[in-house]
Each structure stands twice: as structure tokens, then as C-alpha cells.
Amino acid sequence: MPSIEDVFAATRQRVSSIAPHAAAALYEQGALMVDTRSAAQREQFGMIPGAVLIERNVLEWRLDPACSHRHPAVSAHDQPIVVFCQEGYASVLAVASLGELGLTDVHDLAGGFEAWAAAGLPVLSAPSPR
């Protein structure tokens, strides 16, 4: 039986992963940025300004253009979308799942939010601890 590491490695090879600056360029051209992280991670590490917040457990329903529960910003199967998590692991698997739904222009943000922040791209800071 394959391990999660095996499944992840194979999945990473077949999905589109793009570097932070390439993701930022797509975003500037109108791509939907989707943050799949938990509220706790967003609170701890910050957020990408303008990213749509859709936690991983409902992602497929919210991004399927044919679903009655889709997010209002989702319009078509060929809409450019960049999905990210904290470090770029869960988002790879999420992008593969979205591809199975027929989304044709969906990408993983390589390295996730951490890579985006490390690249010096815009981040809304996490609130100060109470």
C-alpha cells in the first residue's frame, strides 16, 4: 500500500504548482486566491489581502461552478484559481481534487502562505496576542 508521502509525491507531479511571484501576477490579472487554512492559522500567521477564505473541508462544494453551494466569486470551470495552505502540502491534494471536478485553470501556491510571506509579498499581519 502506498504511504501518504507516495501519494503526495505522485500528486505533486501532476498538478500545477506556481511560485509566489507567479501567483501574485495571476492574482493581479484577476485570478481568485483561495486560502484553505484554518481560522487559527490565519490568526497566528496573517492573511493574503483579498484572498477568499474557504476552509479545506468545504472546498470542493464552494469551488464547483455547478454546485448550488459555490462561492459567489466562482463563475466557470476555466476560471483562474490559486489555492494555498500554510506550507503547500494540503493545497497540492486540494488542487488535485478540484481538477477531478473539471476545474482547468487551478494552481497550487508552491510553499503556501509561508513562501508568499517569505517572498515579501503583501500580508495582513496577524492580530497581536491578547
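**Reasoning from values to terms**

Mentor: Let us begin with Gln 86, which lies in the loop between S4 and helix H5 (90–100); the model we are looking at is a predicted one.

Trainee: Why is Gln 86 called buried?

Mentor: The relative accessibility of Gln 86 is 6%, and the term applies to values under 20%, so Gln 86 counts as buried. As for its surroundings, and not counting residues up to four places away in sequence, Gln 86 touches Arg 37, Gln 41, Phe 45, Gly 111, Gly 112, Phe 113 and Glu 114. Arg 42 is 44 residues from Gln 86 in sequence, while their C-alpha atoms are 8.9 Å apart in space.

Trainee: What makes Glu 55 and Arg 42 a salt bridge?

Mentor: The closest N and O atoms of Glu 55 and Arg 42 are 3.8 Å apart, and since the rule asks for a side-chain nitrogen of Lys or Arg within 4 Å of a carboxyl oxygen of Asp or Glu, the pair qualifies as a salt bridge. This pair links distant parts of the chain, with Glu 55 in the loop between S3 and H4 and Arg 42 in helix H3, 13 residues apart.

Trainee: Is Glu 55 buried, partly exposed or exposed?

Mentor: Glu 55 has a relative accessibility of 32%, and because partly exposed covers what lies between 20% and 50%, Glu 55 is placed in that class. Its partner Arg 42, with a relative accessible area of 13%, is buried.

Trainee: How many salt bridges are there by this rule?

Mentor: The count comes to 3. Among them is the bridge between the side chains of Arg 56 and Glu 60, at 2.8 Å from N to O; here Arg 56, at 28% relative accessibility, counts as partly exposed, whereas Glu 60, at 15%, counts as buried. Asp 35 and Arg 37 also meet through their side chains in a salt bridge, again given as 2.8 Å, N to O, and both Asp 35 and Arg 37 are buried.

Trainee: Why are S2 and strand S4 said to pair?

Mentor: Pairing requires at least two bridges, and S2 and S4 (residues 81–84) have 4, in the parallel sense, so the term is met. Within this pairing, Val 34 stands opposite Val 83 in S4. Strand S3 (residues 52–53) also pairs with S2 in the parallel sense, over 2 bridges, and there Asp 35 stands opposite Leu 53. Together, S2, helix H3 (residues 39–45) and S3 make a right-handed β-α-β unit.

Trainee: What covers the reasoning about the two faces of strand S2?

Mentor: Side chains in a regular strand alternate between the two faces of the sheet. In S2 (residues 32–35), Leu 32 and Val 34 lie on one side, Met 33 and Asp 35 on the other, and all of them are buried, so that both faces are covered.

Trainee: Why is His 107 called buried?

Mentor: His 107, which lies in strand S5 (residues 106–109), has a relative accessible area of 13%; this is under 20%, and therefore His 107 is buried.

Trainee: What makes the meeting of the side chains of His 107 and Ser 16 a polar contact?

Mentor: The separation is 2.6 Å, and the cut-off for the N or O atoms is within 3.5 Å. The side chain of His 107 makes a further polar contact, at 2.7 Å, with the side chain of Asp 105.

Technical notes:
Residues are numbered from 1 along each chain as its sequence is written. This is a predicted model: local features need pLDDT of at least 70, side-chain atom pairs count only at pLDDT 80 or more; totals for chains, interfaces and linings use all residues. Side-chain values use heavy atoms; hydrogens and water are left out. Buried means under 20% relative accessible area, exposed over 50%, partly exposed in between (1.4 Å probe, protein chains only). A crossover is right-handed if, with the strands pointing away from the viewer, the path from the first strand over the helix to the second runs clockwise. Contact means heavy atoms within 4.5 Å. A polar contact is a pair of N or O atoms within 3.5 Å; within protein, one must be able to donate a hydrogen and the other to accept it, and residues adjacent in sequence count only if both atoms are side-chain atoms.
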